[in-house]
Amino acid sequence: MRIDIITILPDLLVSPFSHSILKRAKEKGLLEVNLINLRDFSTQKQKQVDDYQYGGGAGIVMMCEPISNCIEHLKKERNYDEIIYVTPDGELLNQKMVNTLSLKENIIILCGHYKGIDERIREVYITKEISIGDYVLSGGELAAAVLVDAIGRLLPGVLSDETSALFDSFQDNLLSHPVYTRPEDFKGLKVPPVLLSGHEKNIREWRHEKALERTKARRPDLLKDSE
Ligand code: ADE
């Protein structure tokens with residue numbers, strides 16, 4: 001899978017993709033992430049990519065021309081399955097959307113700044129608008145990093161234990177069950193005996209019960225979604 005990220009701050013996104021699971025995904029050739037500096041597509045002397053908004057008011061807006069130039073340049077090289085704009089007024093990201101996106105071949109993610117991008121770019125090019133939560137970040141870069149991380153770890157062959165993503169929180173609309181490792185006794189708190197029993201069926205049932213309990217207590221909305 002190839003993900004092209006259009007940003008005015010490419011340096012900010014170098015580190016998130018250079019460690020751990022995403023690093024491995026890149027090394028194995030399963031994921032290619034390209035950081036594209038939007039300013040390279042400005043035709044203005046100062047490499048300007050934003051301007052005052054028509055109608056007045058505080059805050060500047062990212063201009064059509066550099067974004068359009070950049071996307072057209074990329075589209076000449078290959079077809080894109082989605083051109084995503086990360087924005088607080090987009091569709092709220094969830095695991096189902098991540099699963100769907102992980103099946104795509106080529107994706108562009110456009111990161112906004114300031115008051116956002118000119119509406120006409122959304123109309124002409126953007127196929128999907130995604131928010132990572134009901135709060136406002138200072139730019140789309142961290143949202144793009146979250147999205148790429150969530151997608152990248154699902155690509156077949158990326159996680160060393162192929163089955164582990166299947167049992168993540170949210171994959172079956174349930175939060176994860178509690179997990180334990182050594183020691184068996186920590187400050188008087190014991191590991192639940194069933195986990196030490198070696199009885200696979202009982203362990204599976206216990207985990208499902210705990211996942212259900214936790215979901216009911218913390219995220220009852222997820223259970224409603226699966227009804
Ligand atoms: N850009 C700024 N805030 C954002 C958010 N919550 N989600 C996605 N992109 C954003």
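Visitor: Leaving aside neighbours within four places in sequence, which residues is Gln-48 in contact with?
Guide: In this predicted model, Gln-48 is found in the loop between β2 (32-37) and β3 (50-52). One separation for this residue is given by the C-alpha atoms of Gln-48 and Pro-66, which are 8.7 Å apart with their positions 18 residues apart along the chain. Contact is judged on heavy atoms within 4.5 Å. With neighbours up to four places away left out, the partners of Gln-48 are Arg-39, Ser-42, Met-63 and Pro-66.

Visitor: Which backbone oxygen lies 2.5 Å from a polar atom of the side chain of Gln-48?
Guide: A polar contact needs a pair of N or O atoms within 3.5 Å. The side chain of Gln-48 has a polar atom 2.5 Å from such a partner, the backbone oxygen of Asp-50.

Visitor: Is Gln-48 buried or exposed, or in between?
Guide: Buried means under 20% relative accessible area and exposed means over 50%. Gln-48 has a relative accessible area of 27%, so the class is partly exposed.

Visitor: What is the phi of Lys-47, and where does this residue lie?
Guide: Most residues other than glycine have a negative phi. Lys-47 lies in the loop between β2 and β3 and is partly exposed, with a relative accessible area of 38%. Its phi is positive, near 60 degrees.

Visitor: Which helix holds Ser-20, and what is the phi of this residue?
Guide: Ser-20 lies in helix α1 (residues 20-27). Its relative accessible area of 56% is over 50%, so Ser-20 is exposed. Although Ser-20 is not a glycine, its phi is positive, at about 50 degrees.

Visitor: Which two residues does a cis peptide bond join, and what is omega there?
Guide: Most peptide bonds are trans. Pro-183, in the loop between α5 (141-152) and β8 (185-186), is one partner in a cis bond. The other partner is Arg-182, and omega is about 5 degrees.

Visitor: How many disulfides are there?
Guide: A disulfide requires two cysteine sulfur atoms within 2.5 Å. The closest cysteine sulfur to that of Cys-64 is in Cys-70, 14 Å away, so this pair is too far for a bond. For Cys-70 the closest cysteine sulfur is in Cys-111 at 11 Å, also too far. The count of disulfides is zero.

Visitor: What classes of accessibility do Cys-64 and Cys-70 fall in?
Guide: Cys-64 has a relative accessible area of 21%, which puts this residue in the partly exposed class. Cys-70 has 0% relative accessibility, under the 20% limit, so Cys-70 is buried.

Visitor: Where is Ser-102, and is this residue buried or exposed?
Guide: Ser-102 sits in the loop between α3 (95-101) and β6 (106-111). Its relative accessibility is 13%, and the limit for buried is under 20%, so Ser-102 counts as buried.

Visitor: Which residues are in contact with Ser-102, leaving aside neighbours within four places in sequence?
Guide: One polar partner falls inside the excluded range: the backbone oxygen of Asn-99 lies 2.7 Å from a polar atom of the Ser-102 side chain. With such neighbours set aside, the contacts of Ser-102 are Met-1, Ile-151, Leu-154 and Leu-155.

Visitor: Which residues does Lys-75 touch, not counting those up to four places away in sequence?
Guide: Lys-75 is placed in helix α2 (residues 64-77) and is partly exposed, with a relative accessible area of 38%. Its C-alpha is 33 Å from that of Leu-166, 91 residues apart in sequence. The residues touched by Lys-75 are Tyr-80, Ile-83 and Tyr-125.

Visitor: Which residues lie nearest the centre of the largest pocket?
Guide: The largest pocket has a volume of about 450 Å³. Its lining has seven nonpolar, four polar and five charged residues. Of the 16 lining residues, those nearest the centre are Phe-167, His-177, Arg-204, Arg-207 and His-208.

Visitor: What share of contacts with a separation of 6 or more is between residues 24 or more positions apart?
Guide: The protein chain has seven helices and nine strands, and its C-alpha trace spans about 70 × 40 × 35 Å along the principal axes. Buried residues make up 40% of its 227 residues. Among contacts with a separation of 6 or more, the share from residues 24 or more positions apart is 75%.

Methods
Residues are numbered from 1 along each chain as its sequence is written. This is a predicted model: local features need pLDDT of at least 70, side-chain atom pairs count only at pLDDT 80 or more; totals for chains, interfaces and linings use all residues. Side-chain values use heavy atoms; hydrogens and water are left out. On a 1 Å grid over the protein atoms alone, a cavity is a set of points where a 1.4 Å probe fits but cannot get out, and a pocket is an open set with protein on both sides within 12 Å along at least five of seven lines; lining residues have an atom within 4 Å of a point. Grid points are joined across faces, edges and corners, and a volume is the space filled by probe spheres set on the points. Ala, Val, Leu, Ile, Met, Phe, Trp, Tyr, Cys and Pro count as nonpolar, Asp, Glu, Lys and Arg as charged, and the others, Gly among them, as polar. Helices (H or I, at least four residues) and strands (E, at least two) are DSSP runs, numbered from the N terminus. Buried means under 20% relative accessible area, exposed over 50%, partly exposed in between (1.4 Å probe, protein chains only). A polar contact is a pair of N or O atoms within 3.5 Å; within protein, one must be able to donate a hydrogen and the other to accept it, and residues adjacent in sequence count only if both atoms are side-chain atoms.
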